[in-house]
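Please open the structure in your viewer, keep the sequence panel beside it, and follow the selections below one at a time.

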Amino acid sequence: MKKLFRLFPSLNKKTLIITGGIMFVVLLVVVLVIFQPFSKAKLHEAFEAIPDNACAVIKIDNPGKLLQQNPEFRIIEQLKALKPVAELMQGLATTDSVLRTTASFGNLLSAGSLLISVHPAGIDKMECLFVFEPAEGTDVGAFADELEQAGNKPTETEIDGNSCYTFGAKKLKVFLYDNLVVASLSESLLKQSISSIENESGVRNNEAFVKSYRSLSPNSDAGVLVNLPLLYRSLGLLFSEQTYPNLAFIQSFSTWGNIDISFKQNALNISGLFPLSADGKSFMTIFDQPRNEASAQVFGMLPVNTSAAFAFGFSDFASFFEAYNLRLAEAGSNSFSHESEIEHFNESLETSNLETCFYSNIDGSLIVFSASNNVVQQPDVFCAFPVADANNIVECLNQHAEKHEWDTISFRGAHIFVLPTEYGAYSLFGPLFEPIDGTCIAVCENSVYFGRSTESLKSMLNNVLSGRTLATSHFQASLTDNVSSSWNTMGYVNLSSALYFLQNRWLSDTALIRTSADMYRSNNSGIISLACSRQQDGIVISGAWIFDKTDSTDKYTWFTSLDADVACEPVVLYDFKANEYWIAVPDAFENLYLLNSDGQILWKKNLGDVINSDFQLLYQGKPSERCIAFTTRKALYLIGIDGKIRNGFPVTITEGIGSNLMAADYEKNNNYRLLLCDKQGKMLNFNTSGKPTEGWLKPNTELSGEYRIFYRPLEKKDFLLVCSSDQKAAIIDRKGNLIKTVENISFNKGQPNLFAWHTGKSWLALSTDGALVFIAPDGEIESFVQQPFGENMIIAHFPEKVLVVGDGNLYVVANDGQTTDLGKIAESSIDKLKTISTQQGNYLVFQTSDGTVGVVEIGNGKSKTDLKQNIAFFDCFVHDNNIVLITADGKTISSEKHETVVLDNN
C-alpha cells in the first residue's frame, strides 16, 4: 500500500497524459462563457460523465483555493516538483488569470469542482477525462461578449452525431452537456463519456463507486477514488520486475475506495476507507484487530536513517502468524513452506525448536526495515520486533551459544549472537525478510534485531542506542500527528535515503527515476508513511507525505542514472585553482558524459569509438580555455567543458592507441604536451592545437602488451616512464631520447608503479619477485626491502611511506625500510589503490575483485571500513577537506562523502 499511493502524485506523461491537456483548462472556462451552457439546463453531477473503465478519479472541490497564498499551502510549491502537479497548477493559474480580467467572474474556480478520471488505454498508457461542474446558479451570460472578443473561438466538430469543439494544437475535444463541460485529448474516451451521459451508464451505476464518492470529505482539499484491482492491471512498466509482483495483494481489495487529501504546511495528509470483501481474499483478513499504540513503539525502534520499513501489528502473535503462514501456503505464486523452513533452520544449527525462543516473546509487531548511512549506498536490511522479556531470549540463545560455540559479542549493553546459518529471518518469518543473507541477532532491552553481520548491526544500533530514532527525529511531530497510532500494517519510506532502492529496484520508468533524483537534489522528496487497519466498516488508512529535509543530506550526496551502462572508471576532473570539479564517464554505447558536482549531466556526446578513462583537465583556473583531454581506441580528443570539440581534433592515430594519455606541463605555464603510445610501442607527442610537437624524436619503446605512461621528474629534470604489461619500463627524457629500458618491474595492474623517492635521486618500484627497489635514471637498480609480500601484489605511495598489498594483507614501509604488517584488509585480491590525505590523516582507498570498496586509515593502527559492495568502478578525491567517493555500477553514477573517522575493532 505504501508504494501504491505514491503513484498518484508521481504519475508522469508515460502513464497519465495530463501533459498538454490540463493546459487547456482555461479553454473549458471560455466554452462555459461563450456558449452559455447553463441557461435553463438540467443539473448533473460531474461523475455522471465518467465511463465505467476508470481506474482512478481525482476530485478537486474549489480548485481556485489551491492558488491562494495560504502559508499552510506551502506544500503546493513542493509538489510542483512532480510534472503533472506543476502542469495542473499552471493550467489552473492560467484559467484564473483569464477570469480575473472580468468584473465579477473571477471566482468561478472557487465555486465549482473539477474531476480528472484516469483510464487504461493499452500497455503503459493512460488517458484522462476532465469534467468541470460549476456551482449551481452560475450565470455567465453577462460575460459572453467580453470573452468572445478575446479571440478564443473554438473549432466546431461532430463526434458520434454530437456537436463538440476542439482547441489548440493538441486537439483538446470538448463536449457540453447541460451544466457539465467534458474534455479529453482522446476522441474515443470522449465518445465513451458522451455515451455514459446519454445512456445513464458508467460509474454512476457502480454502487461501490457512488458510496465511496459520497464518502469523500467536503472539507478535504482533494479526493482520490481508486479501483485498486483495475489500477494494478494497468501499472505496466512503472514498477520494476522485482517490485511489481509484490503489489499483487492490491488485487484482493474490493473495487472502489476513497482517499481524502488535505494540505497542512509541509505535509500532505491522507485518510480513507476501502471496503473489505466478504469472500475472504483480502490480505487484511489475516488480522483480527489493530495493534494499539503501535506507531510510538515502532518509531522508537527504527533508526533515524531508516530508508524504508514495513510492519505488521497484531494483538496476538500466535493467531496472526498461523493465519499469515496459511495464506503463504495457499498463495499459488509463493513456494514458501514454513514447516520445511523451520526444519532446515534447526537442522543447520543442530538445534531443536529454536524458533520458540523468539515466537513466545514477540510483543505486538513484526518489522522489516532498511537503513543506510548514505543515500547512494545499498541499505542494509534488518528484521526487528519488540519483546515482552528480553532476558528470556538472552538466556535461551546463551545456552545454545555455549553448547554450539557460536560467536557472541557485547555492544553497548546489547547482546549479539552470530548463528552459523544464512537467511535465518526468512526461515523464521517468511519471504518478506529474504534480503537478510546472514543471521546475526542483537537483543536489546526491549527489542530484538536480525542483521546480516555484526558490523551492520553495530552501525544501526549505534543510532538506536544513542536515541537517534524516528521517534526523536526533527520531523517526528508531523509523522506521529498524521499516522494512526493503531494499525495492522504500516509502511514508511524516506524517499531521499531510499533513493538507491527507488532507482535500482523499485522503479523502472526512467522519467520517474530522474524525477526522484531531481527532488532529492532540491531537498524536496520527503517522507511517506501509511498505516492500514482492519475495522468493521472496511480497511481504514491514514498517513502523510511529509516534505522535509532528511537528516543526512549533504551537498556531496547524489546519484544519477545514465542512458546506458557505465563502460569504465568515472574520472574526477578537479580544478584546484577554482575549487571546482566535474566527472567524466563513458557508457557502453560510446557516449561520453560530463556531470557537474551536483550530479547533473551537462552534456552527452557520442564519439563512435570506445572511450578510454584517461581524462585530464587542462587550463585550470581559466574558464574560457578549460578543456578535457582523453583518447579513444583510435583518436586523441580535446573537448571544452561546454562539450565542443576543439579545433584540430580529433587526431587519428593510424596504428591505434595502445596506452593512456599523459598531459605534461613541464614549466607549469599551460604549454601542454599530449603524450601517448601507439599499438606498435612508438611514443607520440602532440600540442593542444592537434599538431605533432616540433623536435620530438618519436622514440620506439620496444615494449609489448599494454602500456602506461607517467610523468616522473627527478631533481628538477623531466622524465617520462612507459611501463608495460610484459614487466618492463622505458625511461625517456622530454625530448624523446630513450635512455634505458628496465626489466622485471611489476606492472601494478596498470596503475602508477614508479614513484619519486623523497631523496630526489631515484624512483621506487615493486619488482616482479616481490622486492622494493630503487631505479636510477640511468637504469641502475638497487634493492631497498626484501619482503615476502605474497601474491597479487599492488603498490601505492605516500610521501616518505610506501604501501604494499599482497594476498589482501597491507604492509606499510617507512623511508628507512622498516615494514609494518597491518594485517588483512580484504579476502579477495585488490585491483585498485588510491591514497588520500586530509587534515585528519592519511587514508588508503581500495577496490577488490569482488567489487568491495574500502578505506584504511594509515598511521594509527585502526582497522579498515567497507564503504560499498558490488561496485564496478570508483574514483575518490579530497574537496574542502572531505573525502568524496564517486562510484559507478550499471547505469548509476554515485557521489558520497566519507567521514574521516574510521571505525575501530570494538
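Begin by selecting Thr 759, which counts as partly exposed at 44% relative accessibility, because that value falls between the limits of 20% for buried and 50% for exposed. In this predicted model, Thr 759 sits in the loop that runs between β37 (755–756) and β38 (763–766). Now add Glu 800 to the selection: Thr 759 and Glu 800 are 41 residues apart in sequence, and their C-alpha atoms lie 9.1 Å apart in space.

Next, zoom out to the whole protein, whose secondary structure comes to 18 helices and 51 strands. Of its 906 residues, 59% are buried, and the protein exposes about 36,900 Å², of which carbon and sulfur atoms supply 45%. Among contacts with a separation of 6 or more, 59% are accounted for by residues 24 or more positions apart.

From here, select residues 317–330, which form helix α10, an element of 14 residues that reaches 20 Å from its first C-alpha to its last, close to the 20 Å expected at 1.5 Å a residue. Just at its N-terminal end, show the side chain of Asp 316, which caps α10 with a side-chain oxygen 3.4 Å from the backbone nitrogen of Ala 318.

Which residues of α10 are buried? Colour Phe 317, Phe 320, Phe 321, Tyr 324, Asn 325 and Leu 328, for these are the buried ones. They cover an arc of only 125 degrees around the axis, which puts them on the same side of α10. An α-helix has 3.6 residues a turn, so residues three or four places apart point the same way.

To see what this buried side meets, display β11 (306–313), α11 (338–349), α12 (356–359) and α14 (424–429), against which the buried residues of α10 pack. Then turn the view around to the face of α10 that points away from its buried side, where you will find the exposed residues Ala 318, Glu 322, Leu 326, Ala 329 and Glu 330.

For the last stop, select two cysteines in turn: Cys 383 is buried, with a relative accessible area of 0%, and Cys 627 is likewise buried, also with a relative accessible area of 0%. How many disulfides does the protein have, if a disulfide is taken as a pair of cysteine sulfur atoms within 2.5 Å? By this rule the count is zero.

Terms used. Residues numbered from 1 in each chain as written. Predicted model: local features only at pLDDT ≥ 70, side-chain atom pairs only at ≥ 80, totals over all residues. Heavy atoms only, no water. Helix = DSSP H or I, 4+ residues; strand = E, 2+ residues; numbered from the N terminus. Expected span 1.5 Å × (residues − 1). Buried < 20%, exposed > 50% of the residue type's maximum accessible area, 1.4 Å probe, protein only. Arc of directions from axis to C-beta. Contact = heavy atoms within 4.5 Å. Polar contact = N/O pair within 3.5 Å; in protein donor to acceptor, adjacent residues only side chain to side chain. Areas by Shrake-Rupley, 256 points an atom, 1.4 Å probe, with all protein chains shown as cover. Disulfide = S-S within 2.5 Å.
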